[in-house]
Amino acid sequence: MAGRRNMQRVLTARSSRILLAGVAFMLVAASPPPSRTAGYVLANIYVASLDDDKACRNLSLSATDIFRDRLPAAEREKYADPAKVQELQKLMEAKLGFKMVPTGRSAGANGRSAELSQADLASLRQSAGIKPGKGIPAFLGTRFAYDSCTNPEDFRFMVKGNELYRGRVAYGIDLDGKISDNDFTGPDGEQGVDNELIRAAGCNFATRDFGNPRVADHVITSAAAPTLMEVGDIDDLADDPEVTISFYASASAIELTGSGKPVAWTSLDADPDARYRATVKARIEKGVLVSEPFDLRVRMREQIVDGYREIRRARIRAVMGSDGNVEGGIYGYHTIASIIDAYRQSTQVGANLTRMSCPALIDAVERHADAFRDARTGRNTAISSALRFRGTSAFIIKPTGAPAGGGGKLMTVHALRRSGPLLFAAAIFAISLTPSFSQVEAEAPADLPQLRRLTQGQYKATIADIFGKDISISGRFEPDLRVDGLLAAGTSKVSLTPAAAEQYEQLARGIAEQVTSEQHRARLVGCAPSGADPTGRACAASFFQRVGERLYRRPLMPAELRLATDQALAAGQALGDFHAGLAIMLTAMMTDLPFLFQVDQSIADPDAPGRRTLDAWSRASRISYFLWNSTPDAELLDAARNGSLMTRAGLLGQVDRLMASPRFDAGVRAFFDDFFQLEGLEGLAKDGLIYPGFRSAVGPAAREQTLRTVIDLLMARDGDYRDIFTTRSFPMNRTLSPLYRVAFASREWDMYPLADDDPRAGLLTQLSFLALHAHEGRTSPTLRGKAVREILMCDTVPTPPANVNFTIVQDVSNPNLKTTRERLQAHLSDEECASCHKQTDPIGLTLESFDGAGQFRTMENGVRIDTAAVVDKHPVADAAALGRALHDNEVVTRCAVKSAWRYAVGRPMAEGEDAVVERLHGRFAVSRYRLRALFQAIILDPAFFRMMPVRTPPARVARAAAVEGKKL
């Protein structure tokens, strides 16, 4: 029992709960280590160039330029038009005998080249007419190529036109300890900078364009097999005389966001290949990480290259930010052999894409090599260089037997916080390379936030769907954020604060304990250690594989499954209870980002070149949370797995199935609850002396009444959305009937038909709207008008100045101004106030026959209430007439479409999406404003799964006009 209590104390300790950004918990069966392990993601490593227009007299000639110069004058003139460059390249291939033939092999996993034997190579050369010993496997072994890059020695005439970089400033450091006239000055003023690689290749198009930090810092092309870096033994992030840096190649691919950036906090397996492992001593000086010289070999895999970069006497300099990111450089001597290997593998295809001449560049690099002279040939074998990088966080899963970071028995990561070490891992980071010759896809901007936190309702529904409705959820949720009128749009704007992480951990622990309890484990776990599985490893793996797919809404990666199983077994062993170990790891998974957030993963859009679209798993999540407000079911996940969700027919089939389910009602309720901002009714209170009939149960009942109205009209009867503003059929119960002043016999909810001449008609005359948009003891035409404008018409009403005097409006006992209309009119004598009130008050005045609790009245302070007003230049007599005006107003239906779109995609409107709303509104109108048709049209619209940049208008946060709300 003592062991169990100690472990639970570890889990509940505040520092252990905050896993930096709330990522997966990793149990450590050791006491807190004295130092910390930190890491950074270097999203790119590339040859960096500066914005110096005078550094290059011209750009270096490409192979195509050099070839054209050799043509007769007539042909040279013919191909001078840049539009004919592809024709010229084909002519060059034909005349120079370039070859590119398929090998019949497929590339291996994670960008690994296909294996080809010597016999295979000989056969390929013979069939393609390539001389023995010439040509190389290319495109990850799927092609065999012969051209000026694979065999530059055969095309010496192309060794021309390479411009040298003549600027005086370049990235780098003093590598040789000497300062000469030939050295550069660093951007920070450092003297003696050695960087002959930029001198040789700095005027090449690729280096000037892709090497510009403004471009390169936002590009990643080597996601298939990045490099991993770990910084350990950190005692102080500002100054630490002794830390270590370790490098590994990654055996797994890094996940990318729709904007092409690494997803933070992914788990990556370290490759055991010793060639790509290195450890070096380092220090931190004034926040800058500085390493000793060491030899570094990093794997380089991207679209068409499976190679390496080898840097002799490499040195790291990096600035480590408190936000978990890093920025800096790798400075050292690139071996000529690794540079030539990269150029050769790029082939003429890569050279054409990046407008370079491989023979000219290789010659320039060899001529400017300045270190590690070969005694036999007398030639230098390496060239000084400076590589720039930036970093993003991830977890590293080390090979069995590799030393664990931080000294724990299991792999540990420690937060980079000065408040003290945590018992959980902080980051290891993936490094991806951006070779200067890489093809960079020209994709549309994709600044859309990729994470959307589950709302409270989605969280509860998800847990019920995965584990059952009998699993209780006890604890507080961090409030959702309403942005641009919707909580759904706010899900892309909220983060995971330390307080929220603590709350989610408490919720998760309570759920996990129930799932693995004796009462539920037979149904929810389904197995236990046995004679055939004495440790329970197979049972744990089966449980996490099944449950993990539902929690993460995608299959667990092998590393994730292995980690979950290992940690659960280790915890169970420490506690002496197998199921307690499962509970600890299940708690970790339910506090992990892939569960708490919808994570958009993207692929290249086959129907829109240059754009990104959601992958099948992300589509399943987006569809399910839109239509059901909950996690995808097994059938929808199967459609993602088999790829049918990526086809229109498969997508339509799933949409029809989900919309035919009774669970679609729950999704529609969730949308209108958010759209109409009904959550404010849960704790709504009124002055008991003025409105004694407004009890604590009225607010929730009013909320339910409106949602039942929506379901009855739009779902059960498949009615016209516009009729929600004119319907005289209200759901009723005995809690609400006294305020409506109707006799109601049933003890349950039932539909109550109002008379044709009843003053109530439609949503605006239900208690949910009238009471919510009023004060505790009086009405507010301003609040009610503002709600109509902003919620139902998607308009924006400015917030009043802070120095406005509301005394006249608030004085309900004024003998000369007895009605709200009279007091507002007196207030509007201030012209500054009048401009805004003209937008809101006429609408609200038509509703003045209903008091602050939503009860009907005809008199105020002994004076008959006048509800007539002019709204948008149209006379409106009363509340029923206002409902008819909204029914016939296209602005209202267009707003419903816009709100449904923003709700569905979980964010504010993106640039260019006004056209999407117009397209959807047209289809909505054709369907006679049926909600089912609108929801289906949204999902089937080409833009629904497209990753787009967000245009963030001024946010309309709930009750943004706080001053107006309190005083008018």
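**A guided tour of the predicted model**

Begin by selecting residues 401-449, a stretch of this predicted model over which pLDDT stays under 50, and for which the model has 209 contacts beyond four places in sequence. Within your selection, pick out strand 17 (residues 428-433), which has the lowest mean pLDDT among the elements of the chain, at 26. Next select residues 949-968, where pLDDT again stays under 50 and where the model has 67 contacts beyond four places in sequence.

To set these stretches against the whole, colour the full chain by pLDDT: its mean is 82, and 81% of its residues reach 70 or more. Helix 26 (residues 767-772) has the highest mean pLDDT among the elements, at 98.

Now move to helix 27 (residues 781-792), whose end C-alpha atoms are 16 Å apart; this agrees with the expected span, because 12 residues at 1.5 Å a residue should span 16 Å. Show its side chains and ask how many of its residues are buried. The helix is mostly covered, with 12 of its 12 residues buried, among them the charged-letter positions R784, K786, R789 and E790 as well as L783, V788 and I791. Following helix 27 you will find C794, whose phi is positive, near 55°.

Finally, turn to the surface and select M100, V349 and L353, which form a nonpolar patch there with about 210 Å² of accessible area together. Of these, L353 is found in helix 10 (residues 336-354), and L353 counts as partly exposed because its relative accessibility is 38%, a value that lies between the 20% limit for buried and the 50% limit for exposed.

Notes. Residues numbered from 1 in each chain as written. Predicted model: local features only at pLDDT ≥ 70, side-chain atom pairs only at ≥ 80, totals over all residues. Heavy atoms only, no water. Patch = residues over 30% accessible without salt bridge, like charges linked within 9 Å, V, L, I, M, F, W, Y side chains within 5 Å. Areas by Shrake-Rupley, 256 points an atom, 1.4 Å probe, with all protein chains shown as cover. Salt bridge = Lys/Arg side-chain N within 4 Å of Asp/Glu carboxyl O. Helix = DSSP H or I, 4+ residues; strand = E, 2+ residues; numbered from the N terminus. Buried < 20%, exposed > 50% of the residue type's maximum accessible area, 1.4 Å probe, protein only. pLDDT = per-residue confidence, 0-100. Contact = heavy atoms within 4.5 Å. Expected span 1.5 Å × (residues − 1).
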